[in-house]
Amino acid sequence: MTGRTYSRLPGSTAGGSRRSAPARRIRDILRARIRSGVYGNRPLPSEAQFAADFATSRNIVRDALTLLRDEGLVDRVPGAGTFVVVDKAVQSLDRLRGLAETFETGGDRVVNTVLLAEVVPATPMVAERLELEPATPVVALERVRHLDGEPLSLDASYLTADVGAPLLDMDLTGCDVFRLLEAELGLPLGSAAVSIEAVAADPTVAGLLAVRPGSPLLFLERLTYTDTGRPIDLEYVRYRGDRFSLSGRLHRIPVAPNRGAPEPNERG
């Protein structure tokens, strides 16, 4: 039986293809180890050690480490070795939580620099998402959020005026908006609609997040509802791609079997 053939990616060579697939597999394994903290602050094992562990060549290991460096996960220091640059912060999508709630460990790990906090007229898009008339006053917040002293995200939030206005007199530098809404205003939150995409940092955002223009970002749009189903908080959040990842558990609804299909042990 003749196997199916696949065309190579444009610009690839036969030799490059043979090396790139194993390098990507090793990169994925090492990325998982890095994110789980296997190596900590220690240098990664040598290329020779990795080559022995993965039963491959040092050239392929070198390619894998280069891929990790390009992702911003490791730094290769001549004469010293390869080091993890920074562990990524991971936020779960299984629950509706603020950033400080996610990383609350007894210390002030999350600190906000408030760039904007004022009442503005709602743009047509913001008004539509919050189910308001265009130009209705809303509270606009813009904050750079720092985790462990380093910029992590740029958050732009638009809240309906009745719930947002009281926040202007509260501590926006050290508290999540979610926590203030529930603990201080007694407003229970219910759910949120979320969309996520990859974007590049423009020069302004890059400067605020201390990355190079064009660096990869995770862009999250989140519309939060009260427990009664009223939309009150529209957020646009840009996370540094080198410092942040999202995780969650997906559940599948089984597909009903095709009654006309042959049994697994039957031959066509």
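What is the volume of the largest pocket? In this predicted model, the largest pocket has a volume of about 340 Å³. Its lining is made up of 16 residues, and among these Glu71, Gly72, Pro216, Gly241 and Asp242 are the ones that lie nearest the centre of the pocket. When the lining of the largest pocket is sorted by class, seven residues are charged, five are nonpolar and four are polar. Strand S10, which spans residues 244-247, contributes three residues, and this is the largest share of the lining of the largest pocket. The lining of the largest pocket also draws on two domains, with at least three residues coming from domain 1 (21-84) and at least three from domain 2 (89-247).

**Enclosed cavities**

Apart from the pocket, there are two cavities of 30 Å³ or more, and the table sets out the volume and the lining classes of each.

| Cavity | Volume | Nonpolar lining residues | Polar lining residues | Charged lining residues |
|---|---|---|---|---|
| Largest cavity | about 60 Å³ | three residues | one residue | six residues |
| Second largest cavity | about 40 Å³ | three residues | three residues | three residues |

The largest cavity is lined by Gly98, Leu99, Arg143, Arg145, Asp176, Val177, Phe178, Arg222, Asp233 and Glu235. Strand S5, helix H7 (177-184) and strand S9 each supply at least two residues of that lining. The second largest cavity is lined by Gln91, Gly98, Leu99, Arg145, Ser153, Asp155, Arg222, Val237 and Tyr239, and here S6 and S9 each supply at least two residues of the lining. Gly98, Leu99, Arg145 and Arg222 are among the residues that line the largest cavity, and Gly98, Leu99, Arg145 and Arg222 are also among the residues that line the second largest cavity.

Helix H7 deserves a further word here. Its buried residues are Val177, Phe178, Leu180 and Leu181, and of these Val177 and Phe178 are included in the lining of the largest cavity. Just after H7, glycine 186 takes a positive phi of about 65°.

**Aromatic pairs**

The structure holds four aromatic pairs. One of them joins tyrosine 158 and tyrosine 236, whose rings meet edge-to-face, with 6.4 Å from centre to centre and 70° between the planes. This pair links distant parts of the chain, since tyrosine 158 belongs to strand S6 (residues 150-160) and tyrosine 236 to strand S9 (residues 231-240), 78 residues apart. How do the two rings stand with respect to solvent, buried or partly exposed? Tyrosine 158 has a relative accessible area of 25% and is therefore partly exposed, whereas tyrosine 236 has a relative accessible area of 13% and is buried, because the cut-off for a buried residue is under 20%.

Tyrosine 236 also forms an aromatic pair with phenylalanine 219, and this pair is stacked, with 6.1 Å from centre to centre and 10° between the planes. Phenylalanine 219 lies in strand S8 (residues 216-226) and tyrosine 236 in strand S9, so the pair ties together parts that are 17 residues apart in sequence. Phenylalanine 219 is itself buried, with a relative accessible area of 13%. Elsewhere, ring pairs link Tyr39, Phe50 and Phe54 into a cluster.

**Two buried polar side chains**

Which residue does the side chain of arginine 31 contact? Arginine 31 is placed in helix H1 (residues 14-35), and with a relative accessible area of 17% it is buried, because that value falls under 20%. The side chain of arginine 31 makes a polar contact of 3.0 Å with the side chain of aspartate 28.

Histidine 146 is found in strand S5 (residues 137-147). With a relative accessible area of 18%, histidine 146 is likewise buried, and its side chain reaches the backbone oxygen of valine 144 at 3.5 Å.

Methods
Residues numbered from 1 in each chain as written. Predicted model: local features only at pLDDT ≥ 70, side-chain atom pairs only at ≥ 80, totals over all residues. Heavy atoms only, no water. Phe/Tyr/Trp six-rings, centres within 6.5 Å; stacked < 30°, edge-to-face > 60°. Helix = DSSP H or I, 4+ residues; strand = E, 2+ residues; numbered from the N terminus. Buried < 20%, exposed > 50% of the residue type's maximum accessible area, 1.4 Å probe, protein only. 1 Å grid on protein atoms, 1.4 Å probe; cavity = no way out; pocket = protein on both sides within 12 Å on 5 of 7 lines; lining within 4 Å. Points joined across faces, edges and corners; volume = space filled by probe spheres on them. Nonpolar A, V, L, I, M, F, W, Y, C, P; charged D, E, K, R; others polar. Domains from an automatic or database assignment. Polar contact = N/O pair within 3.5 Å; in protein donor to acceptor, adjacent residues only side chain to side chain.
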